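Colleague: I have a few "how do you know" questions about this model. Could you walk me through the reasoning?

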Amino acid sequence: MKKISSILIFAVSILIAGCSNSSETTTKPNLVNYIKPIIGTQGEGNVYPGPVAPHGMVQLGPDTDKKSWETASGYEYSDSAIIGFSMQHLSGTGIPDLGDFLFMPSVGKMEFKPGTVKKKEKNGREHYIQDPDAGYCTKYSHEDEVVKAGYYSVKLPEHNVLVELTATERAGILKFTFPKSDSSNIMMDLSHVLQWNVIYSNVRAEDKSLITGMHLVKGWAKERYLYFAARYSREYDDFGIMQRGKKVIYNTTRFRSKLEAADSDLQYYTSYSTDENEVIMVKVGISAVSTESALMNLDKEIPHWDFDKVVDETREKWNNEMQRMTVEGTDNEKETFYTSLYHTLLTPTIYEDVDGRYRGLDQNIHESKGFTNYAIFSLWDTYRATHPLFALIQPDRNVDMINSMLAHYDQSADHLLPIWSLNNNDTWCMIGYHAVPVIADAIIQGLKGFDYERAYEACKTTAMNPDYDEVAEYAEIGYVPFDQENESVSKTLEYAYDDFCIAQIAKKLGKDEDYKYFMKRAMSYKNIFDPATKLMRGKDSNGNWRTPFEPHGYIADMNKRDITEGTNWQYTWYVPQDVHGLIKLYGSKEEFAAKLDTLFMETETDEIAEGSEDIWGRFGQYWHGNEPAHHVAYLYDFAGQPWKTQNLIRKIMLTQYGNKPNSLCGNDDCGQMSAWYLFNTMGFYPVAPSINYYMIGTPCAKKVTMKVGENKTFTTIAENYSDENMFIQSVTLNGKNWDKTYLPVEEVKKGGELIFIMGNKPNKNWGITNESIPTALEESK
């Protein structure tokens, strides 16, 4: 009997243990399948479909267009030909670059040029289509294409070759399945980049299965070095290097190696005799330091030839990332949500080797100490929602990114924080000094891991640089004059906001005189408000208004315009640091709201000006496809009409996002468009990062749970949720009535539950009767 009892106890214990293990394996939902990287690849989204690890330095994927400006990622869903498969791509930018080291398989005769291109009008601009009947580019069909997080494949019918791709942070694998042939080839084009020019490259066959090389690109990033090391799964039968269309050969008159070459126009190939369905793989590591480092990255991250293992590991990384925010909804809603989270977590990218070394802004080799170095900071876009989201869901990475910005500052000859950094360069694209609000927001929230005093000094020095875009004149007279600087209105407004952020750091660090100085600069927006038109308007250095004044039109000539990527109508509302002060300029909340109503009803000129074609999502003069508009719908909260905010936010969410290739209404801009979506599923948004509260809009998902720290979550629930029920009837925060249209950041960070009761008619008593929204000046006292 004792023996039987012992057996039973043992059996029960095994069953319990099995149930426990089963429970552990099912507690993490499999969310990676909801990621659809094909979303946003058609039209203006400018994202890429290829495999990448979270914030990975390698973005391996197909290129369909290397010449068109509006195909900045290299891939356009509507194109019918693939040029090849390159190692790096930008996500959602408006300007092309990268597209380094393009591989292309073939069977039979080899081609070494991509072929001719045909011009085609697209949205009023020239778009270039590759001719699949010329060069090494080839036709493909989306029916033969598989796009998943961590995996991409396509069949190339012209050559009967299946191409499969996967990637780690610093390396990737290209898997080619060939037919039976005595002339199966893999070509790599070192001269291929998107839009720009390779000015130097070299390549070297180390042995019959290892090729190394590099190229130097002069492009959007003016001096960009990249090295590679490519290991092949079998030794080649034949190898050759093409230099300016001619094969590099042994010269009997004077020795010349056929195993290495240097030029701006180089390709190399490996050729094989293959059996039916024979697989040849190429593992490629990259580095900005050296070929030795590229090989080190490759051997560290992919020391084997198990392609499926890399796919599974990368997909598991993405599944782990998806646990940061979870949503309840339909499959379509989940695909939109998790792909938005995926796009948000692509950029900035890791920019260092596995040993911590990287090429810095000064072109020297540095080593990150105590942080991971990141690059590609599209700060004019991402300070608005992307970095505030990072501060909540991945604060450690956000701090690493700030330390990377400070390293950039240390290496800058001008002692400037990054403006729009691209690897070891600053492109100087866009305006303002928007590393500042990222840093300020982190300091105000108390994120640890970087030196506040050092960060403040970098912010202050950047804002005081007399050579930067007329900052000295702005500081002296209170605005940027249009006769001395282009885009003067936008620069005045954006400098003023950035200066407000510096003032918040100064206040926190006890620097009272600096606080007063930068708060005065933060009010500079008042100097360019025209009381006659009630719009922001350019002034010259003598104080005269811009005349004639065209507030609706987008002026393509940068030297003649006062506005950056928009109109005076759109930029007038860019005073996130002092909306109450802006309202006072209109005389009353009612007059302010009436003017704001006009924005969403007013139509722009019929002709779309050159340079604005990628700005869609238009409601009157509101353009959701570009970042200056992203906070505007929330301004009704300040005017005591929050139901208008609720209506507009839901309208934008329903019409400007989705789960199709063309479901992004503008450039995703390194995740900003997607981060806007994620915040708005929860029903709130950071109108002014560094002011320690969010503005409440309307929840656009039934339930969202966000991890905000170790064992802490913040959950938003929308009861009676439907597309029609867009209006808030009441709100509770952790069980207590919440009748304010703002939400303190600390309430979110400590975890809790925000419950919205929704209806299809506005409750015009909610959000207007109790405590008013804190003003910028009140927040700063």
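**Reasoning from the values**

Modeller: Gladly! The secondary structure of the chain comes to 20 helices and 40 strands. Please keep in mind that this is a predicted model.

Colleague: How do you know how compact the chain is?

Modeller: Its radius of gyration is 28 Å, and the globule rule gives 28 Å for 781 residues, so the chain is as compact as a globular protein of that length.

Colleague: What makes Asp-410 and Arg-454 a salt bridge?

Modeller: A side-chain nitrogen has to lie within 4 Å of a carboxyl oxygen. For Asp-410 and Arg-454 the N to O distance is 2.4 Å, so the pair meets that cut-off. This pair links distant parts of the chain, with Asp-410 in helix H7 and Arg-454 in helix H9, 44 residues apart.

Colleague: Lys-491 and Asp-469 also meet in a salt bridge, at 3.5 Å from N to O. Why is Lys-491 called buried or exposed?

Modeller: Buried means under 20% relative accessible area. Lys-491 has 2%, so Lys-491 is buried.

Colleague: And why does Asp-469 fall in its class?

Modeller: Asp-469 has a relative accessible area of 24%. Partly exposed lies between the 20% and 50% cut-offs, so Asp-469 is partly exposed.

Colleague: Which residues gather in the patch of negative charge on the surface?

Modeller: Asp-306, Asp-308, Asp-312 and Glu-313 do. Patch residues need over 30% relative accessible area; Asp-308, found in helix H3, has 49% relative accessibility and therefore counts as partly exposed.

Note on methods
Residues are numbered from 1 along each chain as its sequence is written. This is a predicted model: local features need pLDDT of at least 70, side-chain atom pairs count only at pLDDT 80 or more; totals for chains, interfaces and linings use all residues. Side-chain values use heavy atoms; hydrogens and water are left out. Patches are made of residues with over 30% relative accessible area and no salt bridge: like charges are joined within 9 Å, nonpolar side chains (Val, Leu, Ile, Met, Phe, Trp, Tyr) within 5 Å. Accessible areas come from the Shrake-Rupley method with a 1.4 Å probe; for residues, only the protein chains shown count as cover. Lys and Arg count as positive and Asp and Glu as negative; His and the chain ends are not counted. The place of a charge is taken as NZ of Lys, CZ of Arg, CG of Asp or CD of Glu. Helices (H or I, at least four residues) and strands (E, at least two) are DSSP runs, numbered from the N terminus. Buried means under 20% relative accessible area, exposed over 50%, partly exposed in between (1.4 Å probe, protein chains only). The radius of gyration is taken over C-alpha atoms; the globule rule is 2.2 Å times the number of residues to the power 0.38.
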